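Trainee: Could you pick a single part of this model and take me through it slowly, explaining each term as it comes up? I would also like to know how far I may trust what I see.

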Amino acid sequence: MEFLMNLSEGTQFAVQLVIVLICLFYGARKGGISLGMLGGIGLLVLVFGFGIEPGKPAIDVMLTILAVVVTSATLQASGGLDVMLQIAEKMLRRNPKYVSILAPFVTCFLTILCGTGHVVYTMLPIIYDIAIKNDIRPERPMAASSIASQMGIIASPVSVAVVTLTTYLVNAKHPLAGFDGYLDLLKITIPATLCGVLAIGIFSWFRGKDLEDDKEFQAKLADPEFKKYVYGDSTSLLDKKLPQSSWNAMWIFFGAIILVALLGYFKDLRPAFEKSTPAQVVEVVSAENKTLKSFNIKDGKILAQAVDGKVAVNVKDSKAKPQIAYNNVEIYDDQNTLTQTLSAQDGNVTITAAGASESIANAKIVLKDSIKKKST
């Protein structure tokens, strides 16, 4: 397989892309477990053929997906979803002429509330029934509703996409200024999604010919069997009497969504845990080991001479311990430029940076190879 790894970078990328697409399309065509098996075959080719290191499983994303699926399943099993669908149907049947506009908004809001676009499946027969009984081309509201239900995912506070994107933006190397959580993301995605849903609804309103002007459709209506098939029995949830427990389940679900939003916005409401992460840290501590100054070096390096003469070039590699005192410490940035110097003498520590000096009495210099941060 060395000949594959000796190809140019562009050629390797093209071959890898073709392999992935073949596995996806052929697996999707076969369906079922075949898609997963072909994905594994493609992974083997990329690992052994091109020497690509496989990544770690996205456990956090998997757990989030599991939480959304379990929540939606609980909502459906308890009857809460039927209540929401019944309310949505009432809105559509009260304004049947505007179903091409209202139906996409209904499915979008259902997705925003439930965190998944699969709730649209139950609404599609209802949307079709409302459209065809009012001589509206069914593909107009149905196509727009299907797309709108997927658009709502990025605007849902309980969707995997929003949680994953928020985590990525918060932990980005160059974070967005002022971005402090997923509610800041929703402030952007919700208005943008609603504007997009409105646009697709307006577009769908004029899609295709009106049924009375569609000669091909009118000709097929002459067949009684076809007419019965098209204008068959009505599909509705309005004749279904739902128990009070279903309504209670819906309100509990809404309360849980509000709770999630509050916990996401107010960090103080979430439990915090200390977590040690690898870092190069220089600290100036008092005689009581209280931290007076701290310098966290991310991309640079540290040259430090201990009291016993040992030199620590890299704190992560040397496993420096905080109980060891150092006489001199030099801190360099990623361009190998000296930025700060710390020196200890007669129980005093002098910090020099950019030509300015600061002296701290009754202190010493220590190094650490990790830093404790609170995570929520």
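Mentor: Let us begin with the names of the pieces: helices (H or I, at least four residues) and strands (E, at least two) are DSSP runs, numbered from the N terminus. What you see is a predicted model, in which local features need pLDDT of at least 70 and side-chain atom pairs count only at pLDDT 80 or more, while totals for chains, interfaces and linings use all residues. Residues are numbered from 1 along each chain as its sequence is written, and side-chain values use heavy atoms, with hydrogens and water left out.

On your point about trust, the predictor gives each residue a confidence called pLDDT, from 0 to 100. The chain has a mean pLDDT of 82, and 90% of its residues reach 70 or more. Confidence is highest in helix α8, residues 139–151, with a mean of 92, and lowest in helix α14, residues 315–318, where the mean is 47.

The part I choose for you is the loop between α7 and α8, and I will start with arginine 137, which sits in that loop. Arginine 137 is buried, with a relative accessible area of 16%; in these terms, buried means under 20%, exposed over 50%, and partly exposed in between, with a 1.4 Å probe and protein chains only. The side chain of arginine 137 takes part in a salt bridge with glutamate 139, at 2.9 Å from N to O, where a salt bridge is a side-chain nitrogen of Lys or Arg within 4 Å of a carboxyl oxygen of Asp or Glu. Glutamate 139 counts as partly exposed, because its relative accessibility is 32%.

Arginine 137 also has a salt bridge with aspartate 214, and here the closest N and O atoms are 3.0 Å apart. This pair links distant parts of the chain, since aspartate 214 belongs to the loop between α10 (182–205) and α11 (215–220), 77 residues away from arginine 137. Aspartate 214, at 12% relative accessibility, counts as buried.

Staying in the loop between α7 and α8, you will also find aspartate 135 there. Aspartate 135 has a positive phi of about 55°, although it is not a glycine. That deserves a second look, because most residues other than glycine have a negative phi. Aspartate 135 is partly exposed, at 46% relative accessibility. For a parallel elsewhere, look at aspartate 346, a residue other than glycine with a positive phi of about 55°. Aspartate 346 lies in the loop between β6 (338–345) and β7 (348–353), and with a relative accessibility of 72% it counts as exposed.

Let us now follow the chain from the loop into helix α8, where alanine 148 is found. Alanine 148 is buried, with a relative accessible area of 0%. Its C-alpha atom is separated by 8.9 Å from that of glycine 201, although the two residues are 53 places apart along the chain. Once neighbours within four places in sequence are left aside, alanine 148 is in contact (heavy atoms within 4.5 Å) with Pro104, Thr107, Cys108 and Val197.

A useful comparison comes from helix α11, which holds both lysine 220 and glutamate 216, four residues apart, or about one turn of the helix. These two form a salt bridge in which the closest N and O atoms are 3.8 Å apart. Lysine 220 is partly exposed, at 41% relative accessibility, whereas glutamate 216 is exposed, at 55%. Elsewhere, salt bridges that share partners join Glu89, Arg93, Asp129 and Lys133 into one network, and the count of salt bridges comes to 11.

Finally, set these charged pairs beside a stretch of nonpolar surface. Phe13, Leu17, Val20, Leu21, Leu24, Phe25 and Leu35 form a nonpolar patch, with about 660 Å² of accessible area together. Such a patch takes residues with over 30% relative accessible area and no salt bridge, joining nonpolar side chains (Val, Leu, Ile, Met, Phe, Trp, Tyr) within 5 Å and like charges within 9 Å; the areas come from the Shrake-Rupley method with a 1.4 Å probe. Helix α2, residues 9–30, gives the largest share of the nonpolar patch, six residues. Phenylalanine 25 lies in this helix α2, and at 60% relative accessibility it counts as exposed.
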